[in-house]
Amino acid sequence: MSPRFRPGDAVRVRAWDPPGHVRTPFYTRGRRGVVLAVAAVHPNPEELAYGRSGLPAQPVYRVAFSQAELWGEAAERTSDRTVADLQERWLEPAP
């Protein structure tokens, strides 16, 4: 599978709460970030957890989030950022 996003692309993590094993941090859901890199292409670990093949493999992106985006007014150091590795199926283009 070819990566859909490129470094520098603005993305939003799907605000989604599917049942079962999920590898996407809850605090990133619905939040906007910027793709830093394509980290790898791996089988889907959310499917592998149930003994399935995890195929087709999908890109995993390294996405940076501002502290203000994640924590709002509670962000203590707004110049810092949080970086998370997220599967492509969780990302959509940011509006």
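Student: Which residues is Arg29 in contact with, leaving aside its neighbours within four places in sequence?

Tutor: Start by skipping the trivial neighbours, then see who is left. In this predicted model, Arg29 is in contact with Val13, Arg14, Ala15, Trp16, Asp17, Val22, Thr24 and Trp90. Arg29 itself is found in the loop between strand 1 and strand 2 (32-42).

Student: Is Arg29 buried or exposed?

Tutor: Look at the relative accessible area, where under 20% counts as buried. Arg29 comes out at 14%, so the label is buried.

Student: What does the side chain of Arg29 reach, and at what distance?

Tutor: For a charged side chain, look for N and O partners. The side chain of Arg29 reaches the backbone oxygen of Trp16 at 3.2 Å. There is also a polar contact of 3.4 Å between the side chains of Arg29 and Asp17.

Student: Let's move on to the sheet. What is the order of the strands?

Tutor: The general idea comes first: strands of a sheet pair through backbone hydrogen bonds, either parallel or antiparallel. Here you have an open sheet of five strands, ordered 4-3-2-1-5, and the pairing is antiparallel. Strand 4 and strand 5 (91-93) each have a single partner strand, so they stand at the edges with one side lacking a neighbour in the sheet. From one strand to the next, the twist averages 45°.

Student: How many bridges join strand 3 to strand 4?

Tutor: Seven, with the two strands running antiparallel. To see one of these pairings, pick Ala64: its bridge partner in strand 4 is Val83.

Student: And the largest nonpolar core: which residues does it have?

Tutor: Read a core as a list, then map the list onto elements. This one has twelve residues: Phe5, Val11, Val13, Val35, Tyr61, Val63, Phe65, Leu70, Ala84, Leu86, Trp90 and Leu91. Strand 1 (10-13), strand 3 (58-66) and strand 4 (81-87) are the elements giving two or more residues each. Strand 3 supplies the largest share, three residues.

Student: What does Ala84 touch, not counting residues up to four places away in sequence?

Tutor: Ala84 touches Tyr61, Arg62, Val63 and Phe65. Of those, Tyr61, Val63 and Phe65 are listed in the core too.

Student: One more: where does Pro95 lie, and is it buried or exposed?

Tutor: Check the segment, then the area. Pro95 lies in the segment after strand 5, and Pro95 is exposed, with a relative accessible area of 70%. Exposed doesn't rule out contacts: Pro95 touches Arg12 and Arg32, again leaving out residues up to four places away. As for Val34, 61 residues apart from Pro95 along the chain, the two C-alpha atoms are separated by 12 Å.

Technical notes. Residues numbered from 1 in each chain as written. Predicted model: local features only at pLDDT ≥ 70, side-chain atom pairs only at ≥ 80, totals over all residues. Heavy atoms only, no water. Core = buried A, V, L, I, M, F, W, Y, C linked by side-chain atoms within 4.5 Å. Buried < 20%, exposed > 50% of the residue type's maximum accessible area, 1.4 Å probe, protein only. Helix = DSSP H or I, 4+ residues; strand = E, 2+ residues; numbered from the N terminus. Contact = heavy atoms within 4.5 Å. Polar contact = N/O pair within 3.5 Å; in protein donor to acceptor, adjacent residues only side chain to side chain. Pairing = 2+ DSSP bridges. Axes fitted to C-alpha atoms, helices over the stretch in contact; angles between N-to-C directions.
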